[in-house]
Amino acid sequence: MKTLLRIDASIRRRGSFSRTLGDAFVEAWKHRYPQGDVLRRDIGHEPLPHLSDEVANAFFTGRRDLQALTLSNHLCDELKQAPEVLITCPMYNFGIPSTLKAWFDLVVRANETFRRNGSQYEGLLHNKTGYVIMAMGDGRPGLRTTENFEYYLTDMLAFMGIHDVRIITVGGTAMRSFTDDWQTTYQQSITQLLNN
Ligand SMILES: Cc1cc2nc3c(=O)[nH]c(=O)nc-3n(C[C@H](O)[C@H](O)[C@H](O)COP(=O)(O)O)c2cc1C
């Protein structure tokens, strides 16, 4: 059965562009895979703890059975079991929300999602598709901050082996010129993303 892991990072309870588009994406995804299963991890509203010395040290033991690894094990298993991953993500202060960084810190883990292969690193998550919906108050194409944001997210996913990453950028949400019918425009992007 197809599984989609949906991760939402916006702190907003109402009026979040990334979450609204995430809802539209899931609706389209369910239409395409009626038997599909959607796992939800709402890190914007239920933030994950930051990495600690204890957890990082437990990573380096190479063991899985330590108490300190319970949450990381759970998040890694959740990610591994989903062939498709959707991240909805706002830009905060030129970067990703700290809750999403905390998620990456807990799942980017040696011999779980990547491994060392000689002098190289190799991602261990194969045959997955990543979908990223980004929302930015500014986000003009070509801005260095916009590009850095996109590169960071795609690089993190690629590091774990997710190379097929499809992105929708909702830029200019804080601009006066942002249109009221933005959802119609981006609905087309969702259809294209799923049909690629
Ligand atoms: C704390 C905070 C910091 C922000 N920093 C930026 C920023 O650096 N660049 C930008 O373009 N927009 C920034 N914004 C605007 C958000 O990216 C924008 O409101 C976006 O639509 C948020 O996503 P959401 O609508 O899904 O919640 C910031 C918003 C907040 C609340």
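## Exercises on the ligand site and strand β6

A backbone N or O atom of F17 lies 2.9 Å from an oxygen atom of the ligand. The model is a predicted one.

**Exercise 1.** Find which other residues place a backbone N or O atom at 2.8 Å from an atom of the ligand, and state how much of the ligand the protein covers.

*Solution.*
- Step 1. M91 has a backbone N or O atom 2.8 Å from an oxygen atom of the ligand.
- Step 2. For N93, the ligand partner is a nitrogen atom, and the distance from the backbone N or O atom is 2.8 Å.
- Step 3. On its own the ligand has 630 Å² of accessible area, and the protein covers 75% of this.

**Exercise 2.** Describe the residues around the ligand by class and name those that come nearest.

*Solution.*
- Step 1. The shell holds seven nonpolar, seven polar and two charged residues.
- Step 2. Out of 16 residues around the ligand, the nearest are S10, S16, S18, M91 and T173.

**Exercise 3.** Decide whether strand β6 (residues 129-135) is enclosed or not.

*Solution.*
- Step 1. Buried means under 20% relative accessible area.
- Step 2. T129, Y131, I133 and A135 point one way from β6, while G130, V132 and M134 point the other way; all are buried.
- Step 3. Seven of the seven residues are buried, so β6 is largely enclosed by the rest of the structure.

**Exercise 4.** Identify the strands that pair with β6 and the bridge partners of Y131 in them.

*Solution.*
- Step 1. Strand β3 (residues 84-90) runs parallel to β6, joined by seven bridges; here L86 is the partner of Y131.
- Step 2. Strand β7 (residues 164-170) also pairs with β6 in the parallel sense, over seven bridges; here R166 is the partner of Y131.
- Step 3. From β6 the chain passes through helix α5 (residues 144-159) to β7, a right-handed β-α-β crossover.

Key. Residues numbered from 1 in each chain as written. Predicted model: local features only at pLDDT ≥ 70, side-chain atom pairs only at ≥ 80, totals over all residues. Heavy atoms only, no water. Buried < 20%, exposed > 50% of the residue type's maximum accessible area, 1.4 Å probe, protein only. Helix = DSSP H or I, 4+ residues; strand = E, 2+ residues; numbered from the N terminus. Pairing = 2+ DSSP bridges. Right-handed = clockwise from strand over helix to strand, strands pointing away. Near = heavy atom within 4 Å. Polar contact = N/O pair within 3.5 Å; in protein donor to acceptor, adjacent residues only side chain to side chain. Areas by Shrake-Rupley, 256 points an atom, 1.4 Å probe, with all protein chains shown as cover. Nonpolar A, V, L, I, M, F, W, Y, C, P; charged D, E, K, R; others polar.
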